[in-house]
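Open the model in your viewer and keep the selection box handy. We will go from stop to stop, and at each one you will find a selection to make and a note on what is there.

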Amino acid sequence: MRIMMDLVRAIRDDKLTLTNILRAQQEYHEQRRWSVFDVLKTRRPHRIDPRDRAALWHAARAELTTQPAGIRLAVDGVKLANEIRSANPVGAIVLHAAAAWSARYWLEEEAHHEVAYGMLLEMLGDAPIPEDEVVEHRGFFPEDNYARVCVLQACVETEAAVTYGEMAKKAHDPLVRDVFLAIMRDEVQHRQYFASFAQALVDAEVYPAKDVLAMAFTWLRPNGETHGSKREKQSEREGFVNWWERVRTGDDDDLALHDEQIRSAQLQAKKERSILKVVAEATGQRYATVHELQRGYFRSLVAGRRAESGVSMIVPRGEADADVDLASIAAAG
Ligand SMILES: [Fe+2]
Ligand SMILES: [Fe+2]
């Protein structure tokens, strides 16, 4: 069983209903579930390596930030679906499907991740994450264009999947390795669900392809979001924690994540390829490099402005960035 792509074609041509989509989501979810308590009931971590501990320390905190994003997508999806229902019934079905998946399965699966990493960290001798820190990571997720948030989440899930995959590969302890591997597999599915919803929102003409390109470019551009705490300048956030901006990297820090654990050239290249694939799936536009994506994104802005004004316009290089509201970027994993 696989995550459904081309939802809009199936709704229009094959008479796929919202109920059909919700059942497929449930079936897929049941097929893939695993139990944190079963995994941790009979096994203990033995090899306490500082890099494994640092990886768990970061992952346990990263997973705390998904809940606000899941709530936002669940609430705003239903709200927007109701607003567009008579004008765009197919778009409304897509939004209901995205909102339901977020409320039911995404939140539930991310709860597994939060609990599994937290418990494992404590089994290695760490104190539980302080309550104030837990509460801080529950800061409200900002409102934004739904398609852009789906692409943003696809980017964050990619970030998590690639990083956890690397941690599973390099972990010294077999239990730590197995937990990272199980969670990495969930994150890969999440990335695909977000690609599917972004694609359907574009196909149903709820949002233009430009919005997908904008967010992917914001993420991947030089000094973009994917570089997290390594960016020269951090953006101000209003109460929401972006975990990748909190990654500790200091030389004297026992909890630092090393470049080869999260931001080596090889890992960044993998993340880039994966996100360019999301762009291709969502828009049908294929870009081999970030530079090509930039050109495609700028072209989409020119086309959009032409359509609005009815005249030919040339957008100077750099001006296109203004179209992306960086202050509103925030997400989980
Ligand atoms: Fe997660
Ligand atoms: Fe996830």
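Start by selecting helix α6, residues 89–123, and centre the view on Ser-102, where this helix has a kink of about 40°. The bend at a residue is the angle between axes fitted to the seven residues ending there and the seven starting there. Helices here are DSSP runs of H or I with at least four residues, and strands are runs of E with at least two, numbered from the N terminus.

Now check the length of α6. The expected span of a helix is 1.5 Å times one less than its number of residues, so the 35 residues of α6 should cover 51 Å, and the end C-alpha atoms are 50 Å apart, which agrees. Just past the helix, select Gly-125, which follows α6 and has a positive phi, near 105°.

A word on what you are looking at: this is a predicted model, in which local features need pLDDT of at least 70, side-chain atom pairs count only at pLDDT 80 or more, and totals for chains, interfaces and linings use all residues. Residues are numbered from 1 along each chain as its sequence is written, while chains are lettered from A and ligands numbered from 1 in the order in which they are written.

**Zoom out**

Show the whole protein as a cartoon: there are 13 helices and zero strands. Of its 333 residues, 42% count as buried, meaning that 20 or more other C-beta atoms lie within 10 Å of the residue's own; with 12 or fewer a residue is exposed, in between it is partly exposed, and C-beta atoms are placed from the backbone. Two residues are in contact if their C-beta atoms, placed from the backbone, lie within 7 Å. Among contacts with a separation of 6 or more, 78% join residues 24 or more positions apart.

Next, colour by pLDDT, the predictor's confidence in each residue, from 0 to 100. The average is 86, and 85% of the residues score at least 70. Confidence is highest in helix α1 (residues 7–13), at a mean of 97, and lowest in helix α11 (residues 259–262), at 74. Select residues 311–332 too: pLDDT stays under 50 there, and the model has 41 contacts beyond four places in sequence for this stretch. Where pLDDT is low, the predicted coordinates should not be read in detail.

**Helix α9 and the loop after it**

Select residues 174–203, helix α9. Its 30 residues should span 44 Å, and its end C-alpha atoms are 44 Å apart, in agreement. Then move to Glu-205, in the loop between α9 and α10. What is the sign of phi at Glu-205? Phi is positive, near 60°, in a residue other than glycine. Most residues other than glycine have a negative phi. Glu-205 is exposed because it has 11 other C-beta atoms within 10 Å. Beyond four places in sequence, Glu-205 contacts Asn-88 and Gly-91; the C-alpha atoms of Glu-205 and Gly-91 are separated by 7.3 Å, although these residues are 114 apart along the chain.

For another positive phi outside glycine, select Asp-6, at about 50°. Asp-6 sits in the segment before α1 and is partly exposed, with 15 C-beta neighbours inside 10 Å.

**Helix α10 and the core**

Which residues of α10 are buried? Select residues 209–220: twelve of the twelve are buried, so α10 is largely enclosed by the rest of the structure. They include Lys-210, Asp-211, Val-212 and Ala-216.

Keep Ala-216 highlighted and show Val-151, Ile-275, Val-278, Val-279 and Leu-293, which it touches beyond four places in sequence. The largest nonpolar core has 82 residues, and Val-94, Cys-150, Val-151, Ala-198, Leu-201, Val-212 and Ala-216 touch the most other members. Such a core is a set of buried Ala, Val, Leu, Ile, Met, Phe, Trp, Tyr and Cys residues joined through C-beta atoms within 7 Å.

**Two last stops**

Select Lys-271 in helix α12 (residues 265–283). Lys-271 is buried, with 20 other C-beta atoms within 10 Å.

Finish at Gly-304 in helix α13 (residues 290–309). Gly-304 is partly exposed, with 17 C-beta neighbours inside 10 Å, and beyond four places in sequence it is in contact with Pro-208 and Lys-210.
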